[in-house]
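Okay, thanks for coming, everyone. Have a look at the model on the screen and I'll walk you through the parts I found worth talking about.

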Amino acid sequence: MTISARNAAAAVSAGVLLTAAGVAAALPAGAAAAGCSVAYAVSSQWQGGFGADVAITNLGDPLSSWTLTWSFGAGQTVTQAWNTTLTQSGSAVTAKNVSYNGAVATGGSVSFGFNGSWTGSNPVPTSFAVNGVACTGSTAPTTAPTTGPTTGPATPDITVDTATRYQTIDGFGSAVSIWGSAWSTAETQTLVGSGTGQLGLSIVRTGISPVSSEWATQVSALKTAKASGSNVKILASPWTAPAAWKTNNSRINGGKLKTDYYDDYADHLNSYVTYMKNQGVTIDVVSIQNEPDWHPAYDSMDWSGDELRNFVRDQGAKIQNTKLMVAEAVNLNYGYTDPTLNDTTARNNIGYIGGHLYGTEDAGRLKAYPWPTRTRSRCG
């Protein structure tokens, strides 16, 4: 059993890159070199929201920590971030390293991502600075170091003991577009194939639309993934139930599933699995909810850990020919999985627990999760 990592969100539209590249200039003796380039990509965009990936390349001397700053030009607002501590004041954004990614060697890169909101337009920022130095794609001297250079090899940050196995990884994957178009046959084969120039991904995540007439959109891509890859597994995640079944009568902005529709929701998920099976696509894992603790202005639905337990306990057995997963909380929040694991009936109705790992380090949960090792469905 695996704990899922975020797919961040699937790329809905091609992103725009802003890059700065250059060659290091000659520096005075004893001066430290500072310089950087930044690649900013809008990885996905939908009405009112977007996802972005940011990569910093250090062109100067090694960094032990970094702070990246930029300003938005059209009132964009950051709503969620991972692999960074990110704050915003007006249009000014400040992203700092977290404990595990502060060190960046000369020529090395570090990346992080975030989700944001926009209205009107979403232009790419035009200038960035790292530790106060503008990222122009070239280097410049800063003040001379106060201490001489160290001698001898640096102490390694990581020591790998290949004789000790701590975790079994089922595989790595990607997500099809959750809304809109699907992967083409050629794109799917490139992603899951194991030949030359192919990535060999073994997990494909797809969304379960609340509207059954939309299920056909991804059939071709999922069939191709199953046929082209090596034992590809399909994980299906719902973002919301149909609006009429929810307390806010809307697909967006959270809202809870009404308890008298729990059985209908179970039938809905089971119907999806059955539909895909009839199209020749085996759905290996079905999540109960994508991010039950995140309620944005797009498809979403709110659950508590106790509500997830009650649903799985009372309705989980109705969802056949797949394995259930509870539930993809932000930061792998144990409050959304422990109630199910602590209930024998509910626990026996699931095959996986899952969570989205962005920000997990800051939340103090990037470590062994002891509960699953005591369940029948073990976590690898």
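So, α2: what do its buried residues pack against? They pack against α1, β13, β14 and α3. The buried residues themselves are Val219, Ala221, Leu222, Thr224 and Ala225. And just to be clear, this is a predicted model, so please keep that in mind throughout.

Let's take the α1 partner. The axes of α1 and α2 are 9 Å apart, and the two helices pack at an angle of about 40°. Roughly parallel counts only under 35 degrees and roughly perpendicular starts at 65, so α1 and α2 come out as oblique to each other. The crossing of α1 past α2 is right-handed. On the α1 side you have Thr185, Thr188, Gln189 and Val192, and they meet Ser220, Ala221, Thr224, Ala225 and Ser228 of α2. How does that contact split by residue type? Three of its residues are nonpolar, six are polar, and none is charged.

Now the other helix pair, α3 and α4. Here the axes come within 10 Å and cross at roughly 70°. Since 65 to 115 degrees counts as roughly perpendicular, α3 is roughly perpendicular to α4. This crossing is right-handed too. From α3, the residues making the contact are Tyr262, Asp263, Tyr265 and Ala266, and from α4 they are Glu307, Phe311 and Gln315. By type, the contact of α3 with α4 has four nonpolar residues, one polar and two charged.

Let's move on to the core. The largest nonpolar core has 48 residues, and the ones with the most contacts inside it are Val204, Tyr265, Tyr272, Ile283, Ile288, Trp303 and Phe311. You'll recognise Tyr265 and Phe311 from the contact of α3 with α4 a moment ago. Which elements give two or more residues to this core? That would be α1, β13, α2, β14, α3, α4 and β16. The largest share comes from α3, with seven residues. There's another core lying apart from that one, of 25 residues, and among them are Val38, Ile56, Leu86 and Val110.

Let me zoom in on Val204. Beyond its neighbours within four places in sequence, Val204 touches Ser174, Val176, Trp183, Val192, Leu222, Ala225, Val232, Lys233, Ile234 and Leu235. Some of those names have come up before: Val192 is one of the α1 residues that meet α2, and Leu222 and Ala225 are among the buried residues of α2.

A short hop back along the chain takes us to Ser202, in the loop between α1 and β13. Is Ser202 buried or exposed? Its relative accessible area is 16%, and the cut-off for buried is under 20%, so Ser202 is buried. Again leaving out neighbours within four places, Ser202 has contacts with Asp170, Gly171, Phe172, Asn231, Val232 and Lys233. Val232 and Lys233 are also on the contact list of Val204.

Next, Trp215, which sits in the loop between β13 and α2. Trp215 has a relative accessibility of 7%, so this one counts as buried as well. What is Trp215 in contact with, beyond its neighbours within four places in sequence? The list is Ile208, Ser209, His268, Ser271, Tyr272, Tyr275 and Met276. Trp215 and Tyr272 are 57 residues apart along the chain, with their C-alpha atoms separated by 7.7 Å. And Tyr272, remember, is one of the residues with the most contacts inside the largest core.

Two backbone oddities before I stop. Asn83, in the loop between β5 and β6, has a phi near 65°, which is a positive value in a residue other than glycine. Asn83 counts as partly exposed, at 27% relative accessibility. Then there's Asn321, in the loop between α4 and β16. Asn321 also has a positive phi, about 60°, although it is not a glycine. At 54% relative accessibility, Asn321 counts as exposed.

And the overall numbers, for your notes. The chain has seven helices and 17 strands. Buried residues make up 45% of its 380 residues. Of the contacts with a separation of 6 or more, 76% are between residues 24 or more positions apart.

That's it from me.

Conventions
Residues numbered from 1 in each chain as written. Predicted model: local features only at pLDDT ≥ 70, side-chain atom pairs only at ≥ 80, totals over all residues. Heavy atoms only, no water. Helix = DSSP H or I, 4+ residues; strand = E, 2+ residues; numbered from the N terminus. Buried < 20%, exposed > 50% of the residue type's maximum accessible area, 1.4 Å probe, protein only. Contact = heavy atoms within 4.5 Å. Core = buried A, V, L, I, M, F, W, Y, C linked by side-chain atoms within 4.5 Å. Axes fitted to C-alpha atoms, helices over the stretch in contact; angles between N-to-C directions. Parallel < 35°, antiparallel > 145°, perpendicular 65-115°, else oblique. Left-handed = near helix turned anticlockwise from the far one by under 90°. Nonpolar A, V, L, I, M, F, W, Y, C, P; charged D, E, K, R; others polar.
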